[in-house]
Amino acid sequence: MSRANLIFAALLIIAIPLSLLAGRVWVDPGVTPNAAAILAELRLPRAVLAVVIGAGLGAAGAAMQGYLRNPLADPGLFGIAPGAALGAVTALYIGVASAILLPLFALVGAGGAMALLALIAGRTSSPASGIALFTLAGMMIASLAGALTSLAISLAPNAFAMSSIVTWLMGALTDRSWTDVMLAAPLTLAGLALLWLAGRDLDAMTLGEDAARSLGVRPSRLMALLVLGTGLTVGSGVAVAGIIGFVGLIVPHLVRPLTDKRPSSVIVPSALAGALLVLVADVVCRILPLVTELRLGIALSLIGAPFFLMLLLRMRRGLT
Amino acid sequence: MMLEARAITIANRLDNVTTALKHGEITAICGPNGAGKSTLLAALAGLLDVDAGEVLLDRDPLAALAPRKRAQAIGYLPQSGQVAWDVSVASLVALGRLPHGDAGKFAIASALAATAMSDFAKRPVSTLSGGEKARALLARVLAGTPRWILADEPLAALDLSHQLTLLKVLRAQAENGVGVVLVVHDLAVAMNHADRVLVLDEGSVVDDAQPEEALDVATIARVWSVDARWLGDAGKRALVTGS
């Protein structure tokens, strides 16, 4: 096990039990009434979901940065998260947003974005233009899904629907149950496995596309692994928690200096660190004494943006 | 062992190119800008689809070979010299083992030794000079122990001493039976260091012979439109231009 994996796995093992105790009500298992029920039915599924979603976003970010050979890449670039969000917003718009239907609509949205991406970018004959086409197609899908989401908000039938859409889009893990875990965890795990399988090909991509192909990389296989892997991890994450930004962008940056910087060695620790980040951020959301709970998506952006700026400043000074 | 191009045509880039490359030799591909040198090299490496004709490796069509098998046989060094992440030299060279799917410690150590990069193994690539980086990238190809090394202008942007170091490494590979194919701009390098020279012009083979014959002044005048003379003895020639 590499150093980075050890560090983040150890921190995660410490953080998970602590996170169960923390919240608006601090649970003391011996004293708090209904402690067992609170832990098993409220806090534990929420913690598991935070870990699952964070792991998916972290790994997807690391894989995307490896694929595009660009530290500024983010899983959102593929248009899968906006596609999933559009699906969920459609469910809210037409008023069928039950605990099961909303995530299912989101998964259909993610699947639609993936299919569109594969259809547009999957048949390119020239591998040199493949990545550019892929990225542009992803950005256009993201723009289209974003525009349709805004349209749904502006045409919302009533103020309640509008507010529920806007709130949902901010991303949160409030009141999530084991049903959400059952939905997101298997899909995310499958996605993580696919991203992990892409690791060696991503290492070869370090040398550029031609050299990667000369090393036996098949671009179509790599693209399929990434579209499916990112689609499953990010899509299922959005389906149960809404849009949660920044994790896929920041986490690989945090992790990379602790590794030998090969994309394959960044993926697993990024999954662990992503899990840790979302778990901690969700705890912060719970314990802040605000009137209503801070939305997780907002909290992560509030933590993430200044942190990222600091990172950029350090990079500019050449200290990293 | 043979790597052959049989009447390969790629629209607007290569026109009916036939050549048979031999192992144990250094073959230089020369020609003016836009002659199709890099295209031919990439086609020989199996990286381009040809519109007509075929590339054969040991008489089997290269296109039918599994990418991994092809990668084990042919090492390709692109011109870009791109290394996207600041990995260590050891990690960079280890990428050469990807087609084999093993750690290949011995092959990596040999490749580092052959390029005099053993002492740099732990250094991040970003701290290397241009010459050191070129050696590290060549070591990456050597680590895959390919039977063919196809390199696109490996000497470009290198100073004289680094050019000679790299050529020495490639010559040693050829002496071990590896087929070495280089795209070369410097005609004197091709003249003095290649066993054979393939001259391309506008996508077609103009000459395919030993250097003294392929790069005679008449060919240079015709293909490059330059009046030039060779000075010195065979193997130590210098090209002078102008009257």
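Let's start inside chain A, with helix α7: the buried residues of α7(A) are covered by, among others, α2, α4 (101-121), α10 (219-241) and α12 of chain A. Keep in mind as you look around that this is a predicted model. Which residues of α7(A) are buried? They are A:Asp180, A:Leu183, A:Ala184, A:Ala185, A:Leu187, A:Thr188, A:Gly191, A:Leu192, A:Leu194 and A:Leu195. If you'd like to follow the spacing of those residues along the helix, here's a handy rule: an α-helix has 3.6 residues a turn, so residues three or four places apart point the same way.

The length of α7 (residues 178-197) of chain A is easy to check, too. With 20 residues at 1.5 Å a residue, the helix should span 28 Å, and its end C-alpha atoms are indeed 28 Å apart, so the two values agree.

Two of the helices that cover α7(A), namely α2 and α12 of chain A, also meet each other. The axes of α2 (residues 35-68) and α12 (residues 263-287) of chain A come within 6 Å and cross at roughly 145°. The crossing of α2(A) past α12(A) is right-handed. As for what sits in that contact, 20 of its residues are nonpolar, six are polar and two are charged.

Now let's head for the place where the chains meet. Here 18 residues of chain A are in contact with 21 residues of chain B. On the chain A side, α8 (199-205) and α9 (209-214) are the elements that give two or more residues, and α9(A) has the largest share, with four residues. That side of chain A is made up of five nonpolar, four polar and nine charged residues.

Over in chain B, look for an open sheet of four strands, in the order β2-β1-β4-β5, with antiparallel pairing. β2 (14-22) and β5 (60-61) of chain B stand at the edges with a single partner strand each, so one side of each has no neighbour in the sheet. At the β5(B) edge, β4 (residues 52-57) of chain B pairs with β5(B) in the antiparallel sense over two bridges, and B:Leu57 stands opposite B:Asp60. Helix α1 (residues 37-44) of chain B lies across β1 (2-10), β2 and β4 of chain B, running at about 125° to β1(B).

Our last stop is a hairpin in chain B. Strands β9 (residues 196-201) and β10 (residues 204-209) of chain B pair in the antiparallel sense over five bridges, and B:Asp201 has B:Ser204 in β10(B) as its bridge partner. Two residues lie between β9(B) and β10(B), and B:Glu202 in the turn has a positive phi of about 50°.

Methods:
Residues are numbered from 1 along each chain as its sequence is written. Chains are lettered from A and ligands numbered from 1 in the order in which they are written. This is a predicted model: local features need pLDDT of at least 70, side-chain atom pairs count only at pLDDT 80 or more; totals for chains, interfaces and linings use all residues. Axes are lines fitted to C-alpha atoms, for helices over the stretch in contact, and angles run from 0 to 180 degrees between N-to-C directions. A crossing is left-handed if the near helix is turned anticlockwise from the far one by less than a right angle, and right-handed if clockwise. Ala, Val, Leu, Ile, Met, Phe, Trp, Tyr, Cys and Pro count as nonpolar, Asp, Glu, Lys and Arg as charged, and the others, Gly among them, as polar. Two residues are in contact if their C-beta atoms, placed from the backbone, lie within 7 Å. The expected span of a helix is 1.5 Å times one less than its number of residues. A residue is buried if 20 or more other C-beta atoms lie within 10 Å of its own, exposed if 12 or fewer, and partly exposed in between; C-beta atoms are placed from the backbone. Two strands pair if DSSP finds at least two bridges between them.
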